[in-house]
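I am opening the notebook on this model and will write down each thing I look up, in the order in which I look it up. The charged pairs come before the overall layout.

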Amino acid sequence: MNLSLTWTYILGSLMFIEADILIGSETSSPIMAHPPYTTSDLTFSDFLKELKSTSKGLKLDFKDIEAVKPCLEELEAQKDHVCLFFIQ
């Protein structure tokens, strides 16, 4: 499995995983990858499903603007299993 997890941040007692996301060269779905790599066997959807059993927060790092909308739609679809908050 090609996980693109680059950093873990500690903020108080919360742990965050940074996840790099882009639209892959072989699919129109968001995948977990960091340029220059454009292929992965881990989709954003599968990544979220794998993290449901953890108490970690996510910092989503979009490497491709085209990945934002489908990721937001996937977060909406999984909203009963994902706690969202935004930091600016």
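**Entry 1: the charged pairs**

I began with Lys63, which forms a salt bridge with Asp61, the closest N and O atoms being 3.1 Å apart. I keep in mind throughout that this is a predicted model. Lys63 is partly exposed, as its relative accessible area is 33%, whereas Asp61 counts as buried at 18%. I note that the cut-off for buried is under 20%, and the 18% of Asp61 falls under it.

Asp61 is found in strand S4, which covers residues 57–62. When I set aside residues up to four places away in sequence, I find Asp61 touching Glu18, Ala19, Asp20 and Ile21.

How many salt bridges does the structure hold? I count two. Besides the pair of Lys63 and Asp61, there is a salt bridge between the side chains of Lys59 and Glu18, with 3.5 Å from N to O. Lys59 lies in strand S4 and Glu18 in strand S2 (residues 14–23), so this pair ties together parts that are 41 residues apart in sequence. Lys59 is partly exposed, with a relative accessible area of 35%, while Glu18 is buried, with a value of 7%. As a general reminder to myself, side chains of opposite charge can pair when their charged atoms come close.

**Entry 2: the overall layout**

I then stepped back to the chain as a whole, where I find two helices and four strands, and from the N terminus on the elements run β-β-β-α-β-α. Of the 88 residues in the protein, 28% are buried. Among the contacts with a separation of 6 or more, 49% are between residues 24 or more positions apart. The protein exposes about 6,100 Å², and carbon and sulfur atoms supply 55% of that area.

**Entry 3: helix H1 and the nonpolar core**

Which residues of helix H1 (residues 44–51) are buried? I listed Phe44, Ser45, Phe47, Leu48 and Leu51. Looking down the axis of H1, I see that its buried residues fall within an arc of 160 degrees, so they line one face of the helix.

I next looked up the largest nonpolar core, which has 12 residues in all. Its members are Ile17, Ala19, Ile21, Met32, Leu42, Phe44, Phe47, Leu48, Leu51, Ala67, Cys71 and Leu75. S2, H1 and helix H2 (68–77) each supply at least two residues of this core, and H1 gives the most to it, with four residues.

From this core I picked out Phe44 for a list of its partners, again leaving out residues up to four places away in sequence. Phe44 touches Ile21, Pro30, Ile31, Met32, Leu60, Cys71, Glu74 and Leu75.

**Entry 4: the loop between S3 and H1**

I looked at two positions in the loop that runs between strand S3 (30–32) and H1, one of them being Asp41 and the other Thr38. Is Asp41 buried or exposed? I find Asp41 exposed, with a relative accessible area of 52%. In sequence Asp41 and Ile31 are 10 residues apart, and their C-alpha atoms lie 7.7 Å apart in space.

Thr38, by comparison, counts as partly exposed at 35% relative accessibility. Thr38 and Leu22 are 16 residues apart in sequence, with 7.6 Å from C-alpha to C-alpha. Leu22 also appears among the contacts of Thr38, which, leaving aside neighbours within four places in sequence, are Leu22, Gly24, Ser25, Glu26 and Ile31.

**Entry 5: Gln78, after H2**

The last residue I looked up was Gln78, whose place is in the segment after H2. Gln78 is buried, with a relative accessible area of 5%. A polar contact of 2.5 Å joins its side chain to that of Glu74, and Glu74 is also one of the residues that Phe44 touches. Not counting residues up to four places away in sequence, Gln78 touches Ser45, Leu48, Lys49 and Lys52; of these, Ser45 and Leu48 are among the buried residues of H1 that I had listed in the third entry.

How values were computed
Residues are numbered from 1 along each chain as its sequence is written. This is a predicted model: local features need pLDDT of at least 70, side-chain atom pairs count only at pLDDT 80 or more; totals for chains, interfaces and linings use all residues. Side-chain values use heavy atoms; hydrogens and water are left out. Buried means under 20% relative accessible area, exposed over 50%, partly exposed in between (1.4 Å probe, protein chains only). Contact means heavy atoms within 4.5 Å. A salt bridge is a side-chain nitrogen of Lys or Arg within 4 Å of a carboxyl oxygen of Asp or Glu. The arc is that of the directions from the helix axis to the C-beta atoms. A nonpolar core is a set of buried Ala, Val, Leu, Ile, Met, Phe, Trp, Tyr and Cys residues joined through side-chain atoms within 4.5 Å. Accessible areas come from the Shrake-Rupley method with a 1.4 Å probe; for residues, only the protein chains shown count as cover. A polar contact is a pair of N or O atoms within 3.5 Å; within protein, one must be able to donate a hydrogen and the other to accept it, and residues adjacent in sequence count only if both atoms are side-chain atoms.
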